[in-house]
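Student: I've got this model open on my screen and would like to go through it piece by piece. Let's start with the helices and then move on to the strands.

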Amino acid sequence: MELRQRYLSQSDPKAPSVNVEEWGVTFAGDSRVHWARLTLPGSPDRVAAEWLEESSRGPHWLGFLADASDLLAGTLDPDMVPAIIAQVVVPRLSSWCAVYTSDHSGPPRLVYLWHADEARIDGLREQLTEMDVGAADTRVTSALHLAESQVLAVPLMARGRSLGMMCLGRADRFPDEVIQFAEDIGRRAALAMDNARLYAQQAAANRALQRSLLPPHEPEVPGLDYGVIYEPAGEANEVGGDFYDLFKAGDDSWRFAIGDVCGTGPEAAAVTGLARHTLRLLAREGYGVAAVLGRLNQAILEEGERARFLTLLHGDITHVTGGLEVRLVSAGHPEALRLKPNGKVEAVTTPQSLLGVFQEVFFEADTIRLDHGDVLLAVTDGVTERRSGGRLLDDDGGLAKLLAECAGLSARAVAERIRRGAADFASEPSADDLAILVLRAR
């Protein structure tokens, strides 16, 4: 709380004993500060502006720093952090702020500029081309000059690495207290920039890893219309455990697979990579689908403590008169469904042991036929176990009912209809990866 009295009142016993323009008492917690504003030589407007700025400080600055920390910690987007930095310090510390980044391969690069008067940003940007930011000390705060502005260059250092520079500008000098606050914010800003940079690098690496675990392209399969949807759940820095594949195994046959590795992250990615490459290699060596799964099961178990169990649907497609013949094995995977053009839906796989659990396990292939217009649907448990309260999507044959509504649709349209049905089943975002593979004989 603050009490002010403009001009001196001789009748007030608490008033200063000399002539002052304004005086008062400021209460903050248990402290009480008596203050007075004197008329000093120089520009009255400038003195008043500086006094008003100085008098606004106090306990509020602790809240300002706390708010700045919350804002900087609230994003891991490398492009957003410089914008937050600039808008935190303007106009509290300076009239404008320019944030530069450095990658040590060239001069500092201006990535964000903000001015309290937005109309002056373009002009300021041109002026900054004349300022040698590279001449500023990258270890301690230093002063630069630009036209009519005093410029404070605050280095952005985090974990012993120079990330760039935060340049603050104002018409008058920077008080020592403002410099201290600027350096404090600079340290927090640099750490936020480095965290965002590391997060972005990890996310990019994981996206590249995720892409390497999926087919490099969509092949053209004679007599087959197909559609696939893959949606990993979780944060951008997590590699999903679901995968699918469709590839040519021989002159007249194609193979498909859809699987779900237990867990996410690098450990799950290692098993996914092992499964995909093993499937392709053994299929092209002429092994049948049942034999391929038996050998893949052994390969996963040989990984020892790194092994993760895996559910997998693997099939072989060959052309026959009037349609396609499919031999497939479901190793602990959600059952595959066949949709006839008249809307009839039926399960076409026999449940068998999942992979990576038992040493002695034998698989047998189921053989089905897809006539013209028949659809084969395979999904991971991100679809069948989509939860809304205490109910699952596939309770009481929910997936089959959803598929029955897709009669007459293309494979891509069926896949999209199933994806939308899973998304609409619950209001909250899915916590599990989702993969959908639809094969339609044409």
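Student: How many Å does helix 6 reach from its first C-alpha to its last?

Tutor: Quick ground rules: this is a predicted model, where local features need pLDDT of at least 70, side-chain atom pairs count only at pLDDT 80 or more, and totals for chains, interfaces and linings use all residues. Residues are numbered from 1 along each chain as its sequence is written, and side-chain values use heavy atoms, leaving out hydrogens and water. Helices (H or I, at least four residues) and strands (E, at least two) are DSSP runs numbered from the N terminus, and a helix's expected span is 1.5 Å times one less than its number of residues. Helix 6 has 19 residues, and its reach is close to the 27 Å expected at 1.5 Å a residue: 27 Å.

Student: Which residue with a positive phi follows helix 6?

Tutor: Helix 6 itself has plenty of buried residues (under 20% relative accessible area; exposed is over 50%, partly exposed in between, with a 1.4 Å probe and protein chains only), including A268, V271, A275, L279 and L282. Just after the helix, look for a phi near 95°, and you'll land on G286.

Student: Which elements do the buried residues of helix 7 pack against?

Tutor: Helix 7 covers residues 289–301 and spans 19 Å, close to the 18 Å expected. Its buried set includes V289, V292, L293, L296 and I300. An α-helix has 3.6 residues a turn, so residues three or four places apart point the same way. Going by contacts (heavy atoms within 4.5 Å), those buried residues pack against strand 11 (253–261), helix 6 (266–284), strand 12 (310–320) and strand 13 (323–331).

Student: Is D194 in helix 5 buried or exposed?

Tutor: D194 lies in helix 5, residues 176–212. Beyond its neighbours within four places in sequence, D194 touches A158, R159, R161 and L163. Its relative accessible area is 2%, so D194 is buried.

Student: How far apart in space are G382 and I436, C-alpha to C-alpha?

Tutor: G382 is in helix 8, residues 381–384, and counts as buried because its relative accessibility is 2%. Outside its neighbours within four places in sequence, G382 contacts D432, D433 and L434. G382 and I436 are 54 residues apart in sequence, yet their spacing is 9.3 Å.

Student: How many of the residues in strand 21 are buried?

Tutor: Strand 21 runs over residues 434–441. In a regular strand the side chains alternate between the two faces of the sheet. Here both faces are covered, with L434, I436, V438 and R440 on one side and A435, L437, L439 and A441 on the other. The count of buried residues is 8 of 8.

Student: What is the strand order of the open sheet of 5 strands?

Tutor: Strands pair if DSSP finds at least two bridges between them. Strand 21 pairs antiparallel with strand 9 (residues 224–231) over 8 bridges, and with strand 18 (residues 375–379) over 5 bridges. Strand 14 (residues 337–339) joins strand 18 through 3 antiparallel bridges. With antiparallel pairing throughout, the order is 9-21-18-14-15.

Student: Which strands are the edges of that sheet?

Tutor: An edge strand here pairs on one side only. The sheet's order is 9-21-18-14-15, and its edges are strand 9 and strand 15 (345–347).

Student: Which helix packs on the sheet?

Tutor: The twist from one strand to the next averages 20°. The packing helix touches strand 9, strand 18 and strand 21, and its direction makes about 30° with that of strand 9. For that angle, axes are lines fitted to C-alpha atoms, for helices over the stretch in contact, and angles run from 0 to 180 degrees between N-to-C directions. The helix, residues 411–425, is helix 10.

Student: Which residue in the turn between strand 6 and strand 7 has a positive phi?

Tutor: Strand 6 (residues 142–146) puts S142, L144 and L146 on one face, buried, while A143 and H145 point to the other and are not. Strand 6 pairs with strand 7 (residues 149–158) in the antiparallel sense over 5 bridges, with H145 opposite Q150. The two strands form a hairpin with 2 residues between them, and the one with a phi of about 50° is A147.
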